[in-house]
Amino acid sequence: MSEQKVSEQTAVQEKVSADKEQRLREKLLPEIEEFKTSRSSLQLATKSAAGVPNASYAPFALADDGFYILVSELARHGTNLKESSEVSVMLVEDESEAKTIFARKRLTFDAHASIVDRETEVFTKGVAALSARFGEMIDNLSVLKDFNLFKLTPHHGLYVKGFGQAFSLTGSELLDVDWKRDGHHGGAPKVEAEIAEPA
């Protein structure tokens, strides 16, 4: 096969790939945004300094720079987050909403957890985001000394729609909730890899 023929085939394949990626962006990312905003709590997999795992959950609010949670250091996950900053997170479809219990819709991601200093604008921002979602309870808890505000910054994640429909995402895609309204500041994010294209 001639070099020209190979080059033409490569160009066609790249165009097909780009078209498929565009369709995924247009259909998938708005769906992920809707899924994130429909969940009120996230599930946490944390570990102690000794490496002992713990599963828990926390109400959350999403801002443009991360997921915010307010947790007590009297709870195991509150202590774990102070001792080990690496955490795995899952947002999952309610059992009563799922078409099948074996393929619940879910968004999982690895994240870095950082404690937010009370005397910062970031603390004010995170508490305000949580308060907007959950009201007076947040205002009351945020002033208690044993409660800490953590920002969870995603590295990468996976969105699973169902059997054979899993999509790899970057950290920016997990955070950018406004891209479809403002053109993603000049360009839509890239879906890194897909196992199957959504119907």
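**A walk from helix α3 to Asn80**

Let's start with a quick sanity check on helix α3, residues 121-134: at 1.5 Å a residue, its 14 residues should span 20 Å, and the end C-alpha atoms are indeed 20 Å apart, so the two figures agree. Keep in mind that this is a predicted model.

Now look at which parts of α3 are hidden. Phe123, Gly126, Val127, Ala129, Leu130 and Ser131 are buried. An α-helix has 3.6 residues a turn, so residues three or four places apart point the same way. As for what covers them, the buried residues of α3 pack against the strands β2 (53-59), β3 (61-63), β4 (66-72) and β7 (147-162), along with helix α4 (136-142). Right after α3 comes Gly135, with a positive phi near 75°.

Next, the strands. β5 (residues 86-92) is a handy one to follow, as it has antiparallel pairings with β1 (residues 41-47) and with β6 (residues 106-115). Three bridges join β5 to β1, and Val89 is the bridge partner of Leu44 there. The pairing of β5 with β6 runs over seven bridges; here Leu91 is matched with Leu107.

Finally, drop in on Asn80, which sits in helix α2 (residues 76-83). Is Asn80 buried or exposed? Buried, because its relative accessibility is 5%, under the 20% cut-off. What does the side chain of Asn80 make a polar contact with? The partner is the side chain of Thr46, at 3.0 Å. Beyond its neighbours within four places in sequence, Asn80 is in contact with Lys47, Ser48, Val52 and Asn54 as well as Thr46.

Technical notes:
Residues are numbered from 1 along each chain as its sequence is written. This is a predicted model: local features need pLDDT of at least 70, side-chain atom pairs count only at pLDDT 80 or more; totals for chains, interfaces and linings use all residues. Side-chain values use heavy atoms; hydrogens and water are left out. Helices (H or I, at least four residues) and strands (E, at least two) are DSSP runs, numbered from the N terminus. Buried means under 20% relative accessible area, exposed over 50%, partly exposed in between (1.4 Å probe, protein chains only). A polar contact is a pair of N or O atoms within 3.5 Å; within protein, one must be able to donate a hydrogen and the other to accept it, and residues adjacent in sequence count only if both atoms are side-chain atoms. Contact means heavy atoms within 4.5 Å. Two strands pair if DSSP finds at least two bridges between them. The expected span of a helix is 1.5 Å times one less than its number of residues.
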